[in-house]
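Reader: I would like a close look at one part of this structure, its interior. Please also say how that part sits in the chain as a whole.

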Amino acid sequence: MLEIKNISFTYIENPVIKNVSFTIAKGQNIAVIGESGCGKSTLLKLIYGLYDLDHGIILNDEKPILGPKHNLVPGEDYIKYLAQDFDLMPYTTVEENVGKFLSNTNSSAKQARVQELLELLEMTEFAKVKAKTLSGGQQQRVALARVLAVEPEIILLDEPFSQIDTFRKNSLRRNLFRYLKEKGITCITATHDSTDALSFSDETIVMKNGDVIAKGNSKTLYENPANKYVASLFGEVNELKLSQLIELEGDHDELLLLYPHQLKVVDNGKMKAVVKQSYFKGSHYLIKAAFERRAIFFEHDSELEVNQEVTLMLA
Ligand SMILES: Nc1ncnc2c1ncn2[C@@H]1O[C@H](COP(=O)(O)OP(=O)(O)OP(=O)(O)O)[C@@H](O)[C@H]1O
């Protein structure tokens, strides 16, 4: 089990990580989400042991993860960290990059392992190609293969699919996260892509301004977001009062956070909005509309005319 206990960290002046605590069970897949600059990458680097903490302690199976003050070469060897810059050797081939940390004592075992990883990351055809000639997305796949080569106990992935096209990303992350589960490797992924959290992670950690403001089952966090910030990390969200949608008897009003699919156009709804734009999303349209001088979003199965008035209701 990985235990993060009351950790704080400052680069120069202001704390970037502020008294953060949580635990992660072995083999879990955790997504870390939060607005840009909230401290996701820094948190991963601290877990890897790249920096010394101001306060607190990080334990893996009750053993402390120590920073550079205590380790000549920072970074624990049972943990692998995939940084946002891929740190590849540009003038060597893909297979040499992937095999860099593998032992040379059994060359056929090494070769087999490299092949296995290249297949997992769908890079077999590039085995003999020099890393510098690859596209950004291809380099990212090589970097992923490389951090997996010597099977780590814990893997820390910082935006691991940021440069990979949507088509390949889907099959790749299915393969990768299934592989990590099969091997029982604990995985923490810092991501801006809510699908990494919703479809693949066991739990999601939500960070804001150096603090962990929510942690829990990803589906539960999505369905019951504690506030608008949490909900907005999963997509567009509308903050509305129940009384704006239906006639209330008595004064038991309630503030609702509603994703676009939770509002629908009806013939005689209470809430009147004016259509401003329709965005085609493949299976539906996302409609932006004006309601009481602010933008709201809902889904509809067809395009709507600009400036058309619609009435809306809970879907
Ligand atoms: N090496 C550094 N020296 C000084 N400040 C830094 C350094 N790295 C990051 N920071 C600052 O620490 C804060 C957190 O940065 P971090 O990279 O951890 O955020 P993030 O959530 O990963 O952002 P993003 O989603 O944009 O990658 C930011 O204010 C950033 O400017």
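Author: The answer below begins with the chain, goes on to the core, and ends with some single residues and the ligand shell.

This is a predicted model, in which local features need pLDDT of at least 70, side-chain atom pairs count only at pLDDT 80 or more, and totals for chains, interfaces and linings use all residues. Residue numbers start from 1 along each chain as its sequence is written.

The chain has 9 helices and 17 strands; these are DSSP runs numbered from the N terminus, with helices (H or I) of at least four residues and strands (E) of at least two. Its C-alpha atoms fill a box of roughly 75 × 45 × 35 Å along the principal axes. Two domains are given, domain 1 (2–232) and domain 2 (238–314), with bounds from an automatic or database domain assignment. The C-alpha centres of domain 1 and domain 2 are 38 Å apart.

Of the 315 residues, 35% count as buried. Buried means that 20 or more other C-beta atoms lie within 10 Å of the residue's own; 12 or fewer makes a residue exposed, anything in between partly exposed, and C-beta atoms are placed from the backbone.

The largest nonpolar core contains 77 residues. Such a core is a set of buried Ala, Val, Leu, Ile, Met, Phe, Trp, Tyr and Cys residues joined through C-beta atoms within 7 Å. Helix α4 (residues 136–149) supplies the largest share of this core, 6 residues. Because domain 1 (2–232) and domain 2 (238–314) both give residues to this core, the core lies between them. In soluble globular proteins, nonpolar side chains tend to be buried together.

Val32, Ile47, Val142, Ala145 and Leu156 have the most contacts inside the core. For Ile47, leaving aside neighbours within four places in sequence, the contacts are Ile58, Ile65, Leu156 and Ile188; a contact here means C-beta atoms, placed from the backbone, within 7 Å. Ala145 can be placed against helix α3 (residues 107–120), where Glu116 is found: the C-alpha atoms of Glu116 and Ala145 are separated by 9.3 Å, at 29 residues apart along the chain. Glu116 counts as partly exposed because it has 15 C-beta neighbours inside 10 Å.

Two other glutamates are in loops. Glu159 lies between β7 (154–158) and α5 (166–183), with a positive phi of about 50°. Glu159 has 18 C-beta neighbours inside 10 Å, so it counts as partly exposed. Glu62 is in the loop between β4 (55–60) and β5 (63–64), and its phi is near 70°. With 7 C-beta neighbours inside 10 Å, Glu62 counts as exposed. Most residues other than glycine have a negative phi.

Ile47 belongs to the core, and helix α1 (residues 40–48) gives the largest share of the shell around the ligand, 3 residues. Residues around the ligand, each with a C-beta atom, placed from the backbone, within 6 Å of it, include Tyr11, Ile12, Val16, Lys40, Ser41, Thr42 and Ala190.

Conventions: Two residues are in contact if their C-beta atoms, placed from the backbone, lie within 7 Å.
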